[in-house]
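Morning, everyone. I have one structure to go through today, and I will take its inside piece by piece. Please have the picture open while I talk.

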Amino acid sequence: MRAKFWQTPLMQGVYLIVISLFFCKHALAQETFSDTPSTNKLAMGDLQEITVTATRTTRALKDVPESVSVVDSEQLQTRQAADIADVLRYVPNVDLGGGPRNIGLNPNIRGLGDARVLFLLDGARQDFRRGHNARIFIDPSLLKRVDIVRGPSSVVWGSGALGGVLSFTTRDATDLLRANERFGVKVRSGFQSMNEQYTPGLSMFGLLGDEFDYLLDFSYRHAADDIRHGDGSKLQHSGFSSYAGLAKLNWTPGFHQFTFSAQTFDQAGKVPSNAQSPSTTNTLVDRDTEQRNYTLRYRYQNPDNQWLNPELLLYHNTTHSLEKRLFDQRRDETNFSTTGVNLRNTSQMDINTHITQRLTYGVDYFHNQGKGRRNGATRPEFPRGDADVVGVFLQDEITLWKRLSLIPGVRWDYFRSQADGQAISANQNDRVNFKIGGLFEVTDWLSITASYNEAFRAPTLGELFTTGTHFTCGPGCANLFVPNPNLKPETAFNKEAGVRIHRANLLNSGDQLAIRAAYFHNQVKDFIDMMVTVAPFPVPGNPDRGGTTTSGNVRNAILEGFEIEANYAAKYGYAGFSYGQTRGRNQTLGGPLSNVQPDKWIVLAGLNWPTYDLSMGWRSSIVSAQNRIPAGGTATPGYTLHDLTLAWMPQNGAFRGIRLDFGIDNLTDKDYRRHLTVLRDPGRNYKLMASYQF
């Protein structure tokens, strides 16, 4: 492992600790106390979640026409999530492809994955995309919540949200401070047996005066061994070491709020150049991956001013990947950055007691830049390129007689991409997208929903401009990339209808029941696909043997299905289930689509013992076989997994501040492989996490 990798994150950790001790000195000098409530709670499920991702305004999940799920901080801690696969594994119609190496994970929502899912981190776009790599790198210990929007969302978020949105929100100091606290420190350490992974971490947080709060977090993960499969074999070259850090500062003078955050992630390990495949001598690389995210947010919230509720977000993120191929020491560097600004305002207009409107309008702009080098020279497989996208949007949330909600919206986007040093024209286009959603409350506990959403995805820099060699096929034989600057954007047109049930005090005082079901029909046009042609003779784009690889708009597709979620929570227990089904058809060539995941059931139940501060949970994932595949595809057998969790979190007494989490994933040590992956997944995994807050 390179000295650079070890030095930079460790220095960042030292800086965090030094700064934290400085804050500690000043925080302990304060004489007043905060009334910030404790966020510690036993895992019994929160059925009153809100979301800002679906509409960019604060709304309860039950009042949003779109299909949205939330994974909160309690669920993240109880699951001891090690990566985004652990975060998303129980969400209906959401699956993870790419295999068990976290650096190759690829989320799939309703049959659409890769660049067709939009990633947000604290509201900032994460657009990095390179081959078979993951697109976002973050330690789940930094997260407060994850919002999952299933279905097209371009009217709200712009390019890329054909399949849906994954929005990650990091913690604030107020999420960790307990009642009457002004300063806190939390130390934690964990272990996972599947790869002997150790996970120590440290958080420092507090308040300065009445207007300033801060959070500084540093975490480390080290997988000392390779991932173990259910049959006892191991996935060679799957060990790694990673560092993650977060510095988050909030200043709230009056009705104004300024938030600055800096998030870092560094990971190193020896893996195949394609992390989604088995390792071979010729493909093994020593890879360092570094990702940085910086955001500056301003909000103005005055309850007496219904017309002015602005929010401004400035962000910049970078991803740097360095690979040294071990057998010949070839060095490949990849750099990608996104810089953006979001500005929106919300105006509340109460026409009368029966009709209210909330208008949200604004502008988004972002700039993507990517470049690659091989042994210090320009790398044609990842050419230097730039993309600019600007969008203007308007959304109106209308409430009629407190029973009917209508949410129409419209957005216009213009995008332009170009690459340096190539004698080809730039790609530019624009797109207008519409949406309308409706929710009617039949009774206080029963609602029906319907929505229509359009979305688009602008072609990526790689799809437009990649040149160079894709693969070799012997002496004098190489398959070459051919750029296609004339690609059209992909577009999606989604219709959805559903029903919601929310009941409180159903069987006992304080219990809650929530049921959500939805049917969707998503038509995707001008699907961009990579077309590989192998030829033993010269063809256009390759004067020698080997053929060509190019991206093209090759097909139209239909993706339809349904999902249902049901959860019941009471003081002493909880239970629930979910089911997701997606079917895909290739309208151009006929037959099923290749990227659709199999049907999946999730069944869960748990018990709470408030007297002893204990919570125990059980989950089963029942995944059907996937035989609906195109000709020549590979079917995947079905499988069933069982997971157990146990949490102990004393609220009072001598052990207050301690939290212990124990879990077992894949209890029966099932040997299985997820659909659309080459690699098998981990076998039985024992997990233990201990933390102490003081």
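**Cavities, cores and strands**

Five elements, α2 (73-79), β11 (183-192), β14 (212-223), β37 (658-665) and β38 (685-693), each supply at least two residues of the lining of the largest cavity. Before I go on, please keep in mind that this is a predicted model.

Which of these elements gives the most to that lining? The answer is β11, with five residues. The largest cavity has a volume of about 390 Å³. Its lining is made of 29 residues, and those closest to the centre are Gln77, Ser141, Arg171, Arg188 and Met689. Sorted by class, the lining of the largest cavity has 11 nonpolar residues, 10 polar ones and eight charged ones.

How many cavities of 30 Å³ or more are there? The count comes to 18. I will describe one other, the second largest cavity, which holds about 260 Å³ of space. There are 20 residues around the second largest cavity, and Asp86, Arg89, Met194, Tyr672 and Pro682 lie nearest its centre. Two elements, α3 and β36 (639-648), each provide at least two residues of this lining. Nine residues of the lining of the second largest cavity are nonpolar, four are polar and seven are charged.

Now to the nonpolar cores. The largest nonpolar core has 46 residues, and the members that touch the most others are Val71, Val87, Leu88, Val146, Ile148, Leu166 and Phe168. Two or more residues of this core come from each of α3 (84-88), β4 (94-97), β7 (117-121), β9 (143-150), β10 (164-170), β13 (201-208), β17 (240-251) and α5 (461-465). Which element gives the largest share? That is α3, with four residues. We met α3 a moment ago, in the lining of the second largest cavity. Apart from the largest core lies another core, of 12 residues, including Val64, Val68, Leu118 and Val165.

Take Phe168 as an example of a core residue. Leaving out residues up to four places away in sequence, Phe168 touches Ile84, Phe119, Leu120, Leu121, Asp122, Ile136, Leu143, Arg145 and Val146.

Next, the strand β10. Is β10 largely enclosed or largely open? Six of its seven residues are buried, so β10 is largely enclosed by the rest of the structure. Buried here means under 20% relative accessible area.

What does β10 pair with? One partner is β7, which runs parallel to β10 and is joined to it by five bridges. In that pairing, Phe119 stands opposite Leu166 of β10. Another partner is β9, which pairs with β10 in the antiparallel sense over seven bridges. There, Leu143 is opposite Thr170 of β10. Both Phe119 and Leu143 were in the list of residues that Phe168 touches.

As a general point, the side chains of a regular strand alternate between the two faces of the sheet.

Last, a sheet of three strands. This sheet is open, with the order β4-β5-β6 and antiparallel pairing. Why does one side of β4 and of β6 (112-113) have no neighbour in the sheet? Each of these two strands stands at an edge with a single partner strand, so one side is left free of a neighbour there. Strand β5 (residues 106-109) and β6 are joined by two bridges and run antiparallel. Ile109 has Leu112 of β6 as its bridge partner.

That is what I have for today.

Methods: Residues numbered from 1 in each chain as written. Predicted model: local features only at pLDDT ≥ 70, side-chain atom pairs only at ≥ 80, totals over all residues. Heavy atoms only, no water. Core = buried A, V, L, I, M, F, W, Y, C linked by side-chain atoms within 4.5 Å. Buried < 20%, exposed > 50% of the residue type's maximum accessible area, 1.4 Å probe, protein only. Contact = heavy atoms within 4.5 Å. 1 Å grid on protein atoms, 1.4 Å probe; cavity = no way out; pocket = protein on both sides within 12 Å on 5 of 7 lines; lining within 4 Å. Points joined across faces, edges and corners; volume = space filled by probe spheres on them. Nonpolar A, V, L, I, M, F, W, Y, C, P; charged D, E, K, R; others polar. Pairing = 2+ DSSP bridges.
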